Amino acid sequence: MKKKNDIIIPEGLHEVLLHACCAPCSSAIVEWMLQHDIRPTIFYFNPNIYPREEYDIRKNESKRHADSLNIPWIDGDYNHEQWLQQIQGLENEPERGSRCLQCFRIRLTATALQAKALNIPHFATTLASSRWKSLEQITQAGLAAQEAVEGTLFWAQNWRKGGLQDRRNELLHEYNFYNQQYCGCEFSMR
């Protein structure tokens, strides 16, 4: 393992499937990866986002960002109804509660499956850049996905470190990204 600017890089990591929740959160992470010779492929898989118009705005911004850097971008399927079924009974959980953990598991397991299909051993997520999310839950969900999908390795990383939060805010303005005010699901809107 190597450490650069508070970011720990696992040995042999040269390529990663990066689950992206949105362009603002992925921008500084992707920039950092490229600067450190790590090739990201962005996987946009966010069936939690509601309404569909919000999902499309975030998706288009993520694609625009990837295209501007000429990096691969994959559109995961949007199936909000299936997501609702998978979190059934957790609708009234508070932020950072059981619903969020289940949502992370759903999205990171899909990411691990996509990584395996692409023969990319490592996967990570931009969810770990948000101060509103529990790093413990994200790591727990990522390790569960790694365990569920043989041949994958979750790169558990706190993307708030190394000046990346400040750089995210700079890139938000440089790219003139749409910046949402809630995580995406209808239960976080309140």
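Colleague: Before we look at single residues, what do buried and exposed mean here?

Modeller: In this predicted model, a residue is called buried when its relative accessible area is under 20%, and partly exposed when it falls between that cut-off and the upper one. The upper cut-off, which a residue has to pass to be called exposed, is over 50%.

Colleague: With that cut-off in hand, is asparagine 119 buried or exposed?

Modeller: Asparagine 119 is found in the loop between α4 (98–118) and β6 (122–125), and its phi is positive, about 60 degrees, although it is not a glycine. Most residues other than glycine have a negative phi. Because its relative accessibility is 66%, asparagine 119 counts as exposed.

Colleague: Which place does asparagine 70 have in the chain, and is it buried or exposed?

Modeller: Asparagine 70 lies in the loop between α2 and β5 (73–75), and it too is a residue other than glycine with a positive phi, here of about 55 degrees. Its relative accessibility is 71%, so asparagine 70 counts as exposed.

Colleague: What kind of peptide bond joins tyrosine 50 and proline 51?

Modeller: Proline 51 is found in the loop between β4 and α2. Most peptide bonds are trans. The bond between tyrosine 50 and proline 51, however, has an omega of about -5 degrees and is cis.

Colleague: Stepping back to the whole chain, how many helices and strands are there, and in what pattern do they follow?

Modeller: The chain holds six helices and seven strands. Read along the sequence, they follow the pattern β-β-β-α-β-α-β-α-α-β-α-β-α.

Colleague: Why is the chain said to be as compact as a globular protein of that length?

Modeller: For 190 residues the globule rule gives 16 Å, and the radius of gyration of the chain is close to that value, so the chain is as compact as a globular protein of that length. Along its principal axes the C-alpha trace spans about 40 × 40 × 25 Å, and buried residues make up 50% of the 190 residues. The radius of gyration itself is 15 Å.

Colleague: Among contacts between residues at least 6 apart in sequence, what share joins residues at least 24 apart?

Modeller: A contact here requires heavy atoms within 4.5 Å. Among those contacts in the chain that link residues at least 6 apart in sequence, the share joining residues at least 24 apart is 75%.

Colleague: How many residues of helix α1 are buried, and what covers them?

Modeller: Helix α1 comprises residues 23–35, and its end C-alpha atoms are 18 Å apart, which agrees with the span expected at 1.5 Å a residue. Of its 13 residues 10 are buried, so α1 is largely enclosed by the rest of the structure; among the buried ones are Cys25, Ile29, Trp32 and Met33. The cover over these buried residues includes β1 (2–4), β2 (7–9), β3 (15–19), β4 (39–44), α2 (52–69) and α6 (164–174).

Colleague: Which residue just after α1 takes a positive phi?

Modeller: Most residues other than glycine have a negative phi. Just after α1, a positive phi of about 55 degrees is taken by aspartate 37.

Colleague: Is alanine 110 buried or exposed, and which residues does it touch?

Modeller: Alanine 110 has its place in helix α4, and because its relative accessibility is 17%, alanine 110 counts as buried. Leaving aside residues up to four places away in sequence, alanine 110 touches Phe43 and Phe45.

How values were computed
Residues numbered from 1 in each chain as written. Predicted model: local features only at pLDDT ≥ 70, side-chain atom pairs only at ≥ 80, totals over all residues. Heavy atoms only, no water. Helix = DSSP H or I, 4+ residues; strand = E, 2+ residues; numbered from the N terminus. Rg over C-alpha atoms; globule rule 2.2 N^0.38 Å. Buried < 20%, exposed > 50% of the residue type's maximum accessible area, 1.4 Å probe, protein only. Expected span 1.5 Å × (residues − 1).
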